[in-house]
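Please open the model in a viewer and keep the sequence panel at hand. The tour below proceeds from selection to selection.

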Amino acid sequence: MSVAVRADMAQPVVDVVSPLNGAVYQSGEVVSFEFSLEDEVEVTSAALTLDGDELAVDLEARSWPGQSWTGRATAEWSVPELFEPADLQWAFTVSDPTGN
């Protein structure tokens, strides 16, 4: 008899749900970030930075359909008062138990 053991070699898949590329916001508005996630095993960490500052991210599992894990990550940010237009850069990263 034998037992098959899979190695998690793939990086998690991330799809941006919101904000849409090119969205424009004004001072006082709330920007909602939402990401759809999928991995062979599980996404264990998520980080979102906006203009160099780290935002709190809520990470939740949705289901384990068949051979993969799915979930979502969300965060919110209130646009501060700005005195001139600005394009702020954001970055979202995730990892799974093997560091992918």
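Begin by selecting Ser-18 together with Glu-34: Ser-18 stands opposite Glu-34, which belongs to strand 2. The model in view is a predicted one. Extend the selection to the whole of strand 1, residues 13-18, and to strand 2; these two strands run antiparallel and are joined by five bridges.

Keep Ser-18 selected and add Pro-19. The peptide bond that leads from Ser-18 to Pro-19 is cis, and its omega is near 5°. Pro-19 itself is found in the loop between strand 1 and strand 2.

**Strand 2 and its two faces**

Next, select strand 2, residues 30-39, and display its side chains. They alternate along the strand. One face carries Val-31, Phe-33, Phe-35, Leu-37 and Asp-39, which are buried. Towards the other face point Val-30, Ser-32, Glu-34, Ser-36 and Glu-38, which are not buried. Glu-34, from the opening selection, is thus found on the face whose residues are not buried.

Now add strand 6, residues 69-78. Strand 2 and strand 6 run antiparallel, with 10 bridges joining them. Two positions are convenient for following the register. Val-31 stands opposite Trp-77 of strand 6, and Phe-33 has Ala-75 as its bridge partner in strand 6. A surface display may be switched on here: because seven of the 10 residues of strand 6 are buried, this strand is largely enclosed by the rest of the structure.

**The aromatic cluster**

Hide the surface and turn to the rings. Four aromatic pairs are present in the structure. Select Phe-33 and Trp-90, whose rings form an edge-to-face pair, with 5.5 Å from centre to centre and 75° between the planes. Phe-33 lies in strand 2 and Trp-90 in strand 7, so this pair ties together parts that are 57 residues apart in sequence. The two partners may also be compared by accessibility: Phe-33 is buried, at a relative accessible area of 2%, whereas Trp-90 is partly exposed, at 32%.

Move on to Phe-35 and Phe-92. Their ring centres are 3.7 Å apart and their planes are at 0°, so this pair is stacked. Phe-35 belongs to strand 2 and Phe-92 to strand 7, so here too the pair ties together parts 57 residues apart in sequence. Both Phe-35 and Phe-92 are buried. Select the four residues at once: ring pairs link Phe-33, Phe-35, Trp-90 and Phe-92 into a cluster.

**The sheet of strands 4, 3 and 7**

From Phe-92, step across to Leu-48, which stands opposite Phe-92 of strand 7. Select strand 3, residues 45-50, along with strand 7; six bridges pair them in the antiparallel sense. Adding strand 4 shows an open sheet of three strands in the order 4-3-7, with antiparallel pairing. Its edge strands are strand 4, residues 53-55, and strand 7, each of which pairs on one side only. From one strand to the next, the twist averages 30°.

Before leaving this sheet, select Asp-51 in the loop between strand 3 and strand 4. Asp-51 has a positive phi of about 55°, although it is not a glycine.

**Leu-82 and the largest pocket**

Select Leu-82, in the loop between strand 6 and strand 7. Is Leu-82 buried or partly exposed? Its relative accessibility is 40%, so Leu-82 counts as partly exposed. Add Ser-27 and draw a distance between the C-alpha atoms: Leu-82 and Ser-27 are 55 residues apart along the chain, and these atoms are separated by 6.5 Å.

The last stop is the largest pocket, which has a volume of about 600 Å³. Which residues that line the largest pocket are the closest to its centre? Select Ala-23, Tyr-25, Ala-86, Asp-87 and Leu-88, which hold that position among the 21 lining residues. Colouring the lining by class gives 15 nonpolar, four polar and two charged residues.

Definitions and conventions:
Residues numbered from 1 in each chain as written. Predicted model: local features only at pLDDT ≥ 70, side-chain atom pairs only at ≥ 80, totals over all residues. Heavy atoms only, no water. Helix = DSSP H or I, 4+ residues; strand = E, 2+ residues; numbered from the N terminus. Buried < 20%, exposed > 50% of the residue type's maximum accessible area, 1.4 Å probe, protein only. 1 Å grid on protein atoms, 1.4 Å probe; cavity = no way out; pocket = protein on both sides within 12 Å on 5 of 7 lines; lining within 4 Å. Points joined across faces, edges and corners; volume = space filled by probe spheres on them. Nonpolar A, V, L, I, M, F, W, Y, C, P; charged D, E, K, R; others polar. Phe/Tyr/Trp six-rings, centres within 6.5 Å; stacked < 30°, edge-to-face > 60°. Pairing = 2+ DSSP bridges. Axes fitted to C-alpha atoms, helices over the stretch in contact; angles between N-to-C directions.
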